[in-house]
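Here's a quick tour of how two chains sit against each other, followed by a look at one strand. Have the viewer open as you read.

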Protein chains: 2
Amino acid sequence: MPALEELRKRLGEIHDLGRAASLLAWDERTMMPKGGAAPRAETLATLARVRHEMFIDDRIGKLIDEARSEVDADAPPGESIDADLVRVVGRDWEKARRVPSELRAELARASSIAENAWVEAKERSDFAMLLPHLERNVELTRRFAECYDGFPGFSRTYDALLDEYEPEMTTEQMRVVLTELREGLVPLVAEATRNGAGAEDDAFRGEFPADTQRELIRAAISELPFPDDSWRLDPTEHPFALSIASSDVRLTTKYDEANLAVALFSAMHEAGHGLYEAGVDPELGSTPLSNVRSLGLHESQSRLWENWVARGRPWLEQHLPVLREHFPAAFDQVDLDGLERAANRVERSLIRIESDEVTYNLHILIRFELELEIFEEGLPLADLPEAWNARYRDYLGIEVPDDAHGVLQDVHWPGGAFGYFPTYSLGNVIAGQLWEAAGRDLGDLDRQIADGDLVSLGEWLRERVHRHGRRLSPTQVLERAGCGELSVEPLLNHLRDRVTLAVQA
Amino acid sequence: MPALEELRKRLGEIHDLGRAASLLAWDERTMMPKGGAAPRAETLATLARVRHEMFIDDRIGKLIDEARSEVDADAPPGESIDADLVRVVGRDWEKARRVPSELRAELARASSIAENAWVEAKERSDFAMLLPHLERNVELTRRFAECYDGFPGFSRTYDALLDEYEPEMTTEQMRVVLTELREGLVPLVAEATRNGAGAEDDAFRGEFPADTQRELIRAAISELPFPDDSWRLDPTEHPFALSIASSDVRLTTKYDEANLAVALFSAMHEAGHGLYEAGVDPELGSTPLSNVRSLGLHESQSRLWENWVARGRPWLEQHLPVLREHFPAAFDQVDLDGLERAANRVERSLIRIESDEVTYNLHILIRFELELEIFEEGLPLADLPEAWNARYRDYLGIEVPDDAHGVLQDVHWPGGAFGYFPTYSLGNVIAGQLWEAAGRDLGDLDRQIADGDLVSLGEWLRERVHRHGRRLSPTQVLERAGCGELSVEPLLNHLRDRVTLAVQA
């Protein structure tokens, strides 16, 4: 058997175990009876360990080496699937074998336990309840980062963390982008919130029974370019999307019966993630090339559908009749201008996932800076709530009343996902660039959306972004889509339009 | 590391992959979008292959040998978990390594193809369409059985088939039990159906919205001795129960809006399976001892809760007010006598899964006898419909109008599951014995159930049956529960009572 063939077979097995792990993770957060929590943590740990051991096997390394001579190793990315596979898997393997299996398993186990503790800690707004679990997560993550001492391209602790979510992007590159963003954002937020925008009645607030919300949202997702019978939508505490296969996408949302915007826009967000997973080239099948790894690119898809599409005037124009049909009391007296303003309020707020587009990236910035302090400046975790609250005061001018509305709001740190947050802002930056390019390529995109045509945009994104899987890096995707280099200007321009709208209100 | 410790660690990993496979199987039949079917089949095949390869590893065999000297190998079953583990796993390992992986794969592939052909063959009632696939299944199953030539305890072809579902029970033992059962049943069925019982109005037929059924059934299952937050109930096409862990039990049912009995009694049936899985000693944890393997014992638990409890007068007495509350139109005019008769109708019928308690075992007997003829007496498969119809005439006094209502009705043979059917009847026999013993031990069991106390019975079953997992064989369980040897008399006595009830109608 040629090396490449055996390599593909072995990677396929690992990929299938990954599918099982994805289902276990989805089930844990949507379906599992509480009693299943402890054994579930064990099962996830075992799967992580077995997959890891199968992958770091010396035989895989040998096969990668041999396969290099079977493919055109000099082919530029995107030209040969085989060459891309060998290149991408080669780096994965070099990275993976640095981390002992037991540490991987322990990370999986600890974060599963911490996530369960977090649910209760958040309910009670009791940070002390989470603290020991968080300390364990940070200690294990630190040990994880230490495994990469001297790894090519890594020069500081956070590089190893970021690389898990945004491969081949350094902390310094991220810092530059986020600093440019902050410089544009701070005056923009000040302007937007200066004269009390958001005081107006908000059509999305009122009484919205969850069952009717679900019906409305299922219909909205059905209009997106998903193949038939390839997705489902379930409620959960902290919305997410994942796929068991490209034809088996799991979307989740959270229903707030007093605020329709929560579920509606988060569902469109998760659907954007889902469309990405659904759009990966089937030829990449059971190889790691189909596991989308740049969370920045992934987030660009979710934010694009949530913010550029669903909060845009054309989509709202098309959906106002649907909103009125499901919730006449809330929307019968609202016109398109009012709806657009309601969908694009700018407010200094406490909760990231409920925050508006303009302030959102400040929430991210706070988390990114705190992560750097934890891992590179020794911030004690016991001081985290205070550090959190201080930054919300400084950047957003807002007092955090309790930890449930502060440091306990996100699942990421209990889940052990340090280095994840900045990819959200990177996603916004990339979405801004892709939206501009799509508009240039597709002509009157606004008209298409107002006419209910979401397929043209979907196809454009599939062709330019989704289908490549991990074959291209975010910068290569941007360049080939005609977006040039990474730039915050398209996002800032977009947000300036949003602010103009808010200030008019 | 002592051999036993390493053995436990390796078995634990295989066990956890089994949990993942269980979740994949549950999800496939309850939650999965249709688009996920093809990748799901691949994922399940990979998990089966990886688990099999991990298990038949020479290292496991060596560890089993070494562990034998670390445990008290002469300890009688049930005395030492370690000794039981080594004994049970030793036999599993000897069995597993006899079958070449290619044959296992071919069996899986052929039965998957045959199942698809069966769906169409059944729709068209065209046995000839299924015949070549059935021939392939039988040929492969024969080769599977040949792998066990000379295996300790096996003396004939069918022994190897039966052992897959009912470990350590021989064909001859099963034949003796089922023949005794037949001799008691044939005259009983003749008596029960002589004067057209079943003509009366059936309170369970009418209009029963699925949502209300679900509410009623959830409440009924909540009364069973499950720990809190350890189970869930979902709709599916063919009801089943499985557990991801003993504290994470998944029950399913199917709602027929014209017939409440379908969901109600099948849910109680699956809950019986679920209680068994929930009741395994937590000490057996992630070892194969906690994988209940005797389908006869398993079925004894489902049938006991479905038939002895839920179709019994005390349970019906306690639930008549609940039935009236949920479905006043159907039950307000029904008294307890009428309800009891409706829950226990006896009819000669063609379809096994719709048949009543009294006739049910004759359906099983027919299948068992035909399997023996196929594998041990060379019955040509082309003659199977004729042989089937002849037996339905002889045992049930009923003419089979077409193969869809005859030999094509069950998925087991297309699915390659030869040797499975007799465990259904074995389960009924065991349930009858356990019910008698529980009644002796618990005093007035009828009174307890009528008072809503299901915990006493549940605890008795957990102590005598569930907690042992695979440590004891069915005959050992029966003996230690004070039931003596395997005997059909308790079941026949129970069915005689049912017939008396039916004849009074």
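## How the copies are related

In this predicted model, chain A lands on chain B after a rotation of 175° with 0.5 Å of shift along the axis, at an RMSD of 1.5 Å. The two copies are thus related as by a two-fold rotation axis. That fit is by least squares on the C-alpha atoms of residues with pLDDT of at least 70 in both copies.

Which residue of chain A comes closest to the rotation axis? It's A:Ala20, with its C-alpha at 3.1 Å. Both copies use the same surface: 97% of the contact residues of chain A (contact means heavy atoms within 4.5 Å) recur in chain B.

## Strand β3 of chain B

Strands here are DSSP runs (E, at least two residues), numbered from the N terminus. In chain B, β3 covers residues 248–253, and six of the six are buried, so the strand is largely enclosed by the rest of the structure. Buried means under 20% relative accessible area with a 1.4 Å probe, protein chains only. One side carries B:Asp248, B:Arg250 and B:Thr252, and the other B:Val249, B:Leu251 and B:Thr253.

## Its partners

Strands count as paired if DSSP finds at least two bridges between them. β1(B), residues 231–235, runs parallel to β3(B) with five bridges, and B:Asp234 stands opposite B:Thr252. β2(B), residues 241–245, is antiparallel to β3(B) over four bridges, with B:Ala241 opposite B:Leu251. β2(B) and β3(B) form a hairpin with two residues between them.

## Ground rules

Residues are numbered from 1 along each chain as its sequence is written, and chains are lettered from A and ligands numbered from 1 in the order in which they are written. Local features need pLDDT of at least 70 and side-chain atom pairs 80 or more, while totals for chains, interfaces and linings use all residues, and side-chain values use heavy atoms, leaving out hydrogens and water.

Technical notes. Buried < 20%, exposed > 50% of the residue type's maximum accessible area, 1.4 Å probe, protein only.
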